[in-house]
Amino acid sequence: IEDRIDHDLDAGSTAGLIVEIEELVREEPFRERLWRQLMLAQYRSGRQAEALATFQRARREPGAGDA
């Protein structure tokens, strides 16, 4: 799943990814790659403030690592 998300991000597809990745992050909060992908999708969708808030959330949440 993470490889496909990276491919979609590389292809410029961010529209439906944010909701999908948010759900995956809730299910797997220890997956740092998912946190990175979520921030990148938000940033590339023009939601820079939300990407920054996600970064801050990832740093605070137990198990999120240093996303």
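**Notebook: contacts, helices and core**

**Entry 1. Thr14**

I started at Thr14. Setting aside residues up to four places away in sequence, I found Thr14 touching Leu9, Ala41, Arg44 and Ser45. I note here that the model is predicted. Next I looked up where Thr14 sits: in the loop between α1 (2–10) and α2 (17–27). Is Thr14 buried or exposed? Its relative accessibility is 12%, and the cut-off for buried is under 20%, so I logged Thr14 as buried. Then I checked its side chain for a polar partner. The side chains of Thr14 and Ser45 are joined by a polar contact of 3.0 Å. Ser45 is also on the contact list of Thr14.

**Entry 2. Overall layout**

I stepped back to the whole protein. I counted four helices and zero strands. Along the sequence the pattern reads α-α-α-α. How does the radius of gyration fit the globule rule for 67 residues? The radius is 11 Å, close to the 11 Å from the rule, so the protein is as compact as a globular protein of that length. I also took the extents of the C-alpha trace: about 30 × 25 × 15 Å along the principal axes. Of the 67 residues, 33% are buried. For contact range, I took contacts between residues at least 6 apart in sequence; 45% of these join residues at least 24 apart.

**Entry 3. Asp6**

I went to helix α1 for Asp6. Its relative accessible area is 17%; with buried set at under 20%, Asp6 is therefore buried. Which residues does Asp6 contact, leaving aside neighbours within four places in sequence? I found Arg33, Arg36 and Gln37. I placed these partners by number: α3 runs over 32–44.

**Entry 4. Nonpolar core**

I looked up the largest nonpolar core. It has 13 residues. Which members touch the most other members? They are Ile5, Ile21 and Val25. At least two residues of this core come from each of α1, α2 and α3. As background, nonpolar side chains tend to be buried together in soluble globular proteins. I then followed Val25 outward. Without its neighbours within four places in sequence, Val25 is in contact with Leu34, Trp35, Leu38 and Arg57.

**Entry 5. Glu27**

I moved on to Glu27, also in α2. Its relative accessibility is 48%, which makes Glu27 partly exposed, because exposed begins over 50%. I checked the separation from Arg59, 32 residues away along the chain. The C-alpha atoms of Glu27 and Arg59 are 17 Å apart.

**Entry 6. Helix α4**

My last stop was α4, residues 48–60. I tested its length. At 1.5 Å a residue, its 13 residues should span 18 Å, and the end C-alpha atoms are 19 Å apart, which agrees. Which residues of α4 are buried? I listed Ala51, Thr54 and Ala58. Down the helix axis these buried residues fall within an arc of 55°, so they line one face of α4. I then asked what that face packs against. The buried residues of α4 pack against α3. On the other side of α4 I found Ala49, Arg59 and Arg60 exposed. Arg59 is the residue I had paired with Glu27 for the C-alpha separation.

Methods. Residues numbered from 1 in each chain as written. Predicted model: local features only at pLDDT ≥ 70, side-chain atom pairs only at ≥ 80, totals over all residues. Heavy atoms only, no water. Buried < 20%, exposed > 50% of the residue type's maximum accessible area, 1.4 Å probe, protein only. Polar contact = N/O pair within 3.5 Å; in protein donor to acceptor, adjacent residues only side chain to side chain. Contact = heavy atoms within 4.5 Å. Expected span 1.5 Å × (residues − 1). Arc of directions from axis to C-beta. Core = buried A, V, L, I, M, F, W, Y, C linked by side-chain atoms within 4.5 Å. Rg over C-alpha atoms; globule rule 2.2 N^0.38 Å.
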